[in-house]
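Please walk through the packing of two helix pairs and the lining of one pocket in the structure shown here.

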Amino acid sequence: MGSLAIRNTALVLTARVASRLLALVTVIATGNHLGADHYGQFQTVVNYTALVAVLVDLGFNTLYVREGARHPGELSRYLNNVLSSKALLALLGLLVLSLALGFNGLGSLIAAGFALMVLTTYSNLLRNTLYALQNLTYEAVAIVLEAVVLLGLVILGIRTHQGVAYFLWAYAGSYAFSCAYFVTVLGARRMVTFGVRLEWTLIRRWFWSGLPFALTFVITTIYFKIDQPLLYALRPHAEAGWYGFAYKPFESLLFIPQSMLAVVFPVMSVYYHQAKERLQPTINLFFKALVLLGWPLTVGTVVLAHGLNGLLHLYPQSEPALRILALGIVFMFASNTFIAALNAIDRQVLFTWAAAASMVVNVALNAALIPFYGYIGSSWATVVTEVVLLAAAYVMVGRELYRAPLHRLAWKPLLAGLVMGGAIWPFHQATGWTTLLVILLGGAVYLAAAFLLRALDPPELALARSALRRDA
């Protein structure tokens, strides 16, 4: 199972990299076409749909992955109950979303926002079946196709001079494609059978078990998304656009730890019930892998923010926010280790408390900083929030299971990243395509430093090599 998880992680990450490159082109094209004010509207609606989506989810998606991995014979039963319950919950979501958008003068975008919210949550639920079964070849294909469909719709909208509503419908359309794809694959491969099913006893039990997941989803969504509506309400609308453009590269990188989390989480869940002795080594390796990937992204983005801002065609005002947000990347990555651990050992309530502490910090900092410092204040609030979340989740895991030796696991990757930073610092004012050359130089220096420092121990390297050499 550990080898399969490594192979699946490599497969999904490869697909995610390709899709995120396409998505980055999509976001940049959309933002430059709409302009700062209208892009601020677009991003505000997207954030509200994410906030309200918890009413349609109720934590069932995460619970479905965990329980489906433990009891694969019950997948069809679980899936049909959740699919059916979401249809009812969507009505409540429509009411709340309508009130939120109407209050902010965005009533004309309710229909598009509702479609985006519902199709997103259904798409995520259906694809979670593949994660529960650790059968991710079809998921890798879906990830890329979804990005291609979205890019095509966005290009069409730009060429036909469409407004905000069209681009919301375009995103909803890409998720509609994903839903159709997953229904076809799951049905054709007989992984599940579809049907309408509402077992109130099961739904009631899952409601209480999933409530911590739902609360955590609300809390994390608030601290990830609330800054945009606050900026939109308290500052000139253009600031919401500047910040939203800087936030997109930061948020886009979240696909790396989330993709890895989606693969590792069901494995940890099974280990906790069937092979507890494998859980601690898995936590250590997962943390080290996340730091190995997150730290060079932090260092590289901080040093090369000027060139990256121009290369990505962000708004000029987005550059300082991009540099500040980069400081939070490594913390955003590493915290996923302890999120997975708490959820896998049935201590999701504790992570809810950790996330709640982060939310309080984030909302308080945004409320205090935005009136005086605008989008720059929001950037710092995001970084501090990521630090608080990592610290709180680490303490929770240490109390319930195991206090991972972070200094021993992280010092080699951190040192390799500093060596890389020193190598690329002379080129920190690079612009245009020269920035890409500097990125390649930094990557080569980082890999060499990590190799010389033996950032991965020989047993870890051996496990990775054996896993990647086998057929999936």
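Asn284, Phe287, Lys288, Val291, Leu292, Trp295, Pro296, Val299, Gly300 and Val303 of H12 are in contact (heavy atoms within 4.5 Å) with a set of H17 residues that includes Leu406, Leu409, Pro413, Gly417, Met420 and Ile424. By class, this contact has 15 nonpolar, four polar and two charged residues, where Ala, Val, Leu, Ile, Met, Phe, Trp, Tyr, Cys and Pro count as nonpolar, Asp, Glu, Lys and Arg as charged, and the others, Gly among them, as polar. The model is a predicted one, in which local features need pLDDT of at least 70 and side-chain atom pairs count only at pLDDT 80 or more, whereas totals for chains, interfaces and linings use all residues. Residues are numbered from 1 along each chain as its sequence is written, and side-chain values use heavy atoms, with hydrogens and water left out.

The axes of H12 (residues 279-303) and H17 (residues 406-424) come within 9 Å and cross at roughly 25 degrees, and the two helices are therefore roughly parallel to each other, a label for angles under 35 degrees.

Both helices also take part in the second largest pocket, since H12, H15 (329-344) and H17 each supply at least two residues of its lining. Among the lining residues are Phe287, Trp295, Phe331, Leu390 and Leu414, and the lining has ten nonpolar, no polar and no charged residues.

Elsewhere, H10 (residues 237-252) and H16 (residues 348-400) pack at an angle of about 30 degrees, with their axes 9 Å apart. Trp242, Tyr243 and Tyr247 are among the H10 residues at this contact, and Tyr375, Ser378 and Thr382 among those of H16.

Definitions and conventions. Axes fitted to C-alpha atoms, helices over the stretch in contact; angles between N-to-C directions. Helix = DSSP H or I, 4+ residues; strand = E, 2+ residues; numbered from the N terminus. Parallel < 35°, antiparallel > 145°, perpendicular 65-115°, else oblique. 1 Å grid on protein atoms, 1.4 Å probe; cavity = no way out; pocket = protein on both sides within 12 Å on 5 of 7 lines; lining within 4 Å.
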